[in-house]
Structures are given as C-alpha cells and as structure tokens.
Amino acid sequence: MLASACANPQESQDNAGNTRPTETSAPANTEPDKQPARTPPSGGEKVSAGQIDATALPKGYPVMAWTEGDGTTVGVVAQEGGCGKASVEVPTQSATQVVITMIETVPSEPKPCTMDLRYPKITTELDQPLADRKLVLKNEQRKS
C-alpha cells in the first residue's frame, strides 16, 4: 500500500487550532499594473496615444508602441499564451497610416500547454519613418 502526506510546518506550531485568516494588505496609494508593458525599451520613443488606432484590438489587449533610431523601426507589445508564439506583419504602409498586425500562432493540433500570458516586445522595419502617420494596430490568431 502506498501513502503520501504533505506537512505544512506552520500547522505544527501551537496555533494549529487558530482558524483566523491571514491578513495581507497592499501598500497605500498603489494600484497594480493593468498593462504589463508600459514603457518602451531603452532608446525607444513612445508613440503618443493620439497617434495609435487600437479600436480593432480586443478589450484588455496591451496597447503600447514606440519608434527607434530614425523612426523606421517600430515596436509593439504583442500578446501570446501557452503554446502560442507572437509575431508581427506590416500589411499596409501609406502616406497617412501604417497598419501593424500582431499575430499569435498556435499549434494546429491540440496539445498540453501552459496557462500563462506573455507580452513580448517585438519590432519591425518600415519603408519610411513613422513620423506623424497614424499607427493602426490589429491582431489575429493563426494555426501553425
């Protein structure tokens, strides 16, 4: 016969009969980050919220973009989870706007995956500097 047990060292102390819950508190005047990636990487210049059109993104999707160097390198925060892998594409570049599609590629066949979300910072190259063009962010999920 097999048996296993796991002991909690705190339960073996004299207060084992005390059922009062443990109290925790957050420091005063702090709010947890609602968006995991809030700042561009070192050397990046954040694209202003007014220049970004994120209306095609799902609610809760991180929205942050930046430029690097002369403005032809644009970075975004993507979202991936479990077995998914994030990437970006630039399907459209015009004189007035740049469209960046953030893609999460997931396995085509079901398999065990972790239940986590990750927010990688990914960069892509434009033909011309972003300058004052509108940055339109979209996302899609694909199967590998």
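Start with the cysteines: a search of the whole structure turns up 1 disulfide. Select Cys83 and Cys113, the two residues that this disulfide joins, with 1.9 Å from S to S. Keep in mind as you go that this is a predicted model.

**The disulfide up close**

Rotate until you're looking across the S-S bond. The angle about that bond is -110°, and the link of Cys83 and Cys113 is left-handed. Now trace the chain away from each end. Cys83 lies in the loop between β5 (80-81) and β6, while Cys113 is in the loop between β7 (97-106) and β8 (117-118). The two are 30 residues apart, so the pair links distant parts of the chain.

Are these cysteines hidden? Switch on a surface and check. Cys83 has a relative accessible area of 27%, so it counts as partly exposed. Cys113 comes out at 35% and is partly exposed too.

**Zoom out: the whole chain**

Go to a cartoon view. You'll find 0 helices and 10 strands, so reading from the N terminus the elements simply go β-β-β-β-β-β-β-β-β-β. Color by pLDDT next: the chain averages 82, and 74% of the residues score at least 70. Then select residues 1-36, where the pLDDT is below 50. Beyond near neighbours in sequence, this stretch has 7 contacts in the model.

While you have the full chain on screen, a few overall figures are handy. Of the 144 residues, 28% count as buried. The accessible surface comes to about 10200 Å², with 49% of it belonging to carbon and sulfur atoms. Among contacts between residues at least 6 apart in sequence, 71% join residues at least 24 apart.

**The antiparallel sheet**

Select β1, β3, β4 and β9. They form an open sheet of 4 strands in the order β1-β3-β4-β9, with antiparallel pairing. The edge strands are β1 (45-46) and β9 (121-125), and each of them pairs on one side only.

Move in on the β1 edge. β1 and strand β3 (residues 65-68) run antiparallel and are joined by 2 bridges. Show side chains for Lys46 and Trp66: Lys46 stands opposite Trp66, which is in β3.

Stay in β3 and pick Thr67. Which residues touch Thr67? Leaving aside residues up to four places away in sequence, the list is Gly43, Gly44, Glu45, Val47, Thr73, Val74 and Leu130. Thr67 is buried, with a relative accessible area of 16%.

**The mixed sheet**

Now switch your selection to β2, β10, β7 and β6. This is an open sheet of 4 strands with mixed pairing, in the order β2-β10-β7-β6. β2 (52-53) and β6 (85-93) stand at its edges with a single partner strand each, so one side of each has no neighbour in the sheet.

Begin at the β2 edge. β2 pairs with strand β10 (residues 134-143) in the parallel sense, over 2 bridges. To find the pairing by eye, pick Asp53 and look for its bridge partner in β10, Val136.

Then step across to β7. How many bridges join β7 to β10? There are 10, and the two strands run parallel. For a landmark here, select Ile103 and Glu140: Glu140, in β10, is the bridge partner of Ile103.

Definitions and conventions. Residues are numbered from 1 along each chain as its sequence is written. This is a predicted model: local features need pLDDT of at least 70, side-chain atom pairs count only at pLDDT 80 or more; totals for chains, interfaces and linings use all residues. Side-chain values use heavy atoms; hydrogens and water are left out. pLDDT is the predictor's confidence in each residue, from 0 to 100. Contact means heavy atoms within 4.5 Å. Two strands pair if DSSP finds at least two bridges between them. Buried means under 20% relative accessible area, exposed over 50%, partly exposed in between (1.4 Å probe, protein chains only). A disulfide is a pair of cysteine sulfur atoms within 2.5 Å. Accessible areas come from the Shrake-Rupley method with a 1.4 Å probe; for residues, only the protein chains shown count as cover.
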